[in-house]
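Q: I would like a close look at the enclosed and open spaces of this protein. Please take me through them, and then through the packing around them.

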Amino acid sequence: MLEQDRLLQRIQQMRKSSGKISWFWKIILDWNNIQFAGGLLLILVGASLPAFVHSDYYLGIIIATILYAYVGLSWNIVGGYAGLLMFGFIPFFGLGAYTTVILLNSFFISPWAGILLGMIPAVLLALVTSFLTLRYGLKDDYFLFFTSAVMVVMALIFSKIQIAGGAIGISISFVKSSWARMVFIEKEPYLYICLGLLFIGLLVNFLVARSRLGRYLVAIRESEDGAKALGVDVSRYKTYSLVIAAALNALGGGFYMVYTTFIDPPLVFGGTFNFELLIAPIIGGRGTVLGPLLGAILNKPFVELIRGFFSVSRAGTTLMIYGAFLMIFILFLPRGVIGLFEPPYRRFRQRMLKKLTGA
């Protein structure tokens, strides 16, 4: 890799005097740039789908897929780059959802602002979680159990809060289509809003991957003791990753509330939904820019497909097929779908570098 990096530097020096194609090589010869470009391409494809898909049912599946990809990108910051075993990720999602609907129903604050304000309690919870886990040295499976416990506690707390609807949940009353209330009869506006969130998640992952923060997080993931020996402030950067992931996830929760118009504690703080949201980055490829998008595209439509075919005629078949689907990825693609593309790209990059430099 050092030799390839030196070759890349030579190419960049060669292209400085000719700005016509320098941007092209910057994209082609960098794996993160390739992934980011691929993500942008998928977003453009998603934006064009309403011209071809006119069924609300299929548009609903597309929107759900995009939302799952976005939440996967959010979790990827803490679970992919930092490598923290954070199973209980949905509390931040739930806080964003509840904040948005409470501000709308009780204080008449538009969801456009409510979704952003929902990041505040999520960030506060992330800071408390980080403080407690770091204070008592909770790592690996202990960290996993702690965050799972937070998920259960949050469900119990919100089931007792009357302004949040208590155990029966809370909804948004639908009167008419309104941009101010982010309520639409058609699904296309929700699709474009969700694509906007996906772009934010993709951009944040891309910037993290290319930044010092991303390099430090990967160092912590690979060897926490080694990172400490090199002078990395492990506690600080773990906290950074958790805060960024929580803030992004809260945005997704706020959108989910407005889109579905109803939530209750077992849903937005429940283990089943939490598990579904985390599947995308796992099968797509953790710690990569494009992996969560690919995972969501493979996972969510497939789940809806087998559910539509087998949920009524053969009870339990859906879970059996889906379980086999996940086992295939775990056994044969431990690095996720993105792992299939990286080795061929590395070989292509090496050939191009040698050809362009005459090495």
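How many cavities of 30 Å³ or more does a search of the whole structure find?

A: One cavity of 30 Å³ or more turns up in a search of the whole structure. Keep in mind that this is a predicted model.

Start with that cavity. The volume of the largest cavity is about 40 Å³. Its lining consists of Met86, Gly88, Pro91, Phe92, Leu125, Thr129, Thr147 and Val150. Three elements, α5 (90-107), α7 (119-135) and α8 (140-158), give two or more residues each to this lining. By class, the lining of the largest cavity has five nonpolar residues, three polar and no charged.

Two of these lining residues lead further. Take Thr129, which lines the cavity. The backbone oxygen of Thr129 sits 2.7 Å from a polar atom of the Thr133 side chain. Thr133 belongs to helix α7. Its relative accessible area is 4%, so Thr133 counts as buried, the cut-off being under 20%. Beyond its neighbours within four places in sequence, Thr133 contacts Leu138, Phe143 and Phe146.

Phe92 is the other lining residue to follow. The largest nonpolar core holds 100 residues, and Phe92 is one of those that touch the most other members, along with Phe89, Tyr98, Leu198, Phe255 and Ile263. Helix α4 (residues 56-81) makes the biggest contribution to this core, with 14 residues. Another core lies apart from it; it has five residues, among them Trp25, Ile28, Leu29 and Leu353. In soluble globular proteins, nonpolar side chains tend to be buried together.

Tyr98 shows the packing in detail. Not counting residues up to four places away in sequence, Tyr98 touches Phe158, Ala164, Ile170, Ile263, Asp264, Pro265, Val268 and Phe269. One of these partners, Ile263, is also among the core residues that touch the most other members.

Now the open spaces. The largest pocket has a volume of about 1300 Å³. It is lined by 50 residues, and Tyr81, Arg221, Arg286, Gly287 and Thr288 are the closest to its centre. This lining divides into 26 nonpolar, twelve polar and twelve charged residues.

The second largest pocket has a volume of about 300 Å³. Here 17 residues form the lining, with Gly60, Ala64, Tyr259, Lys300 and Glu304 the closest to the centre. At least two lining residues come from each of α4, α12 (234-260), α14 (271-284) and α15 (291-310). Helix α4 gives the most, with seven residues. The lining of the second largest pocket splits into ten nonpolar, two polar and five charged residues. Helix α4 thus appears twice in this account: it gives the most to the largest core, and it gives the most to the lining of the second largest pocket.

One charged residue deserves a separate look. Glu224 is found in helix α11 (residues 224-229). Glu224 is buried, because its relative accessible area of 17% falls under the 20% cut-off. Leaving aside neighbours within four places in sequence, Glu224 is in contact with Lys139, Ala219, Val234 and Lys238. With Lys238 there is a side-chain polar contact of 2.9 Å. Asn205 is 19 residues from Glu224 along the chain, and the C-alpha atoms of the two are separated by 21 Å.

Technical notes
Residues numbered from 1 in each chain as written. Predicted model: local features only at pLDDT ≥ 70, side-chain atom pairs only at ≥ 80, totals over all residues. Heavy atoms only, no water. Helix = DSSP H or I, 4+ residues; strand = E, 2+ residues; numbered from the N terminus. Buried < 20%, exposed > 50% of the residue type's maximum accessible area, 1.4 Å probe, protein only. Contact = heavy atoms within 4.5 Å. Polar contact = N/O pair within 3.5 Å; in protein donor to acceptor, adjacent residues only side chain to side chain. Core = buried A, V, L, I, M, F, W, Y, C linked by side-chain atoms within 4.5 Å. 1 Å grid on protein atoms, 1.4 Å probe; cavity = no way out; pocket = protein on both sides within 12 Å on 5 of 7 lines; lining within 4 Å. Points joined across faces, edges and corners; volume = space filled by probe spheres on them. Nonpolar A, V, L, I, M, F, W, Y, C, P; charged D, E, K, R; others polar.
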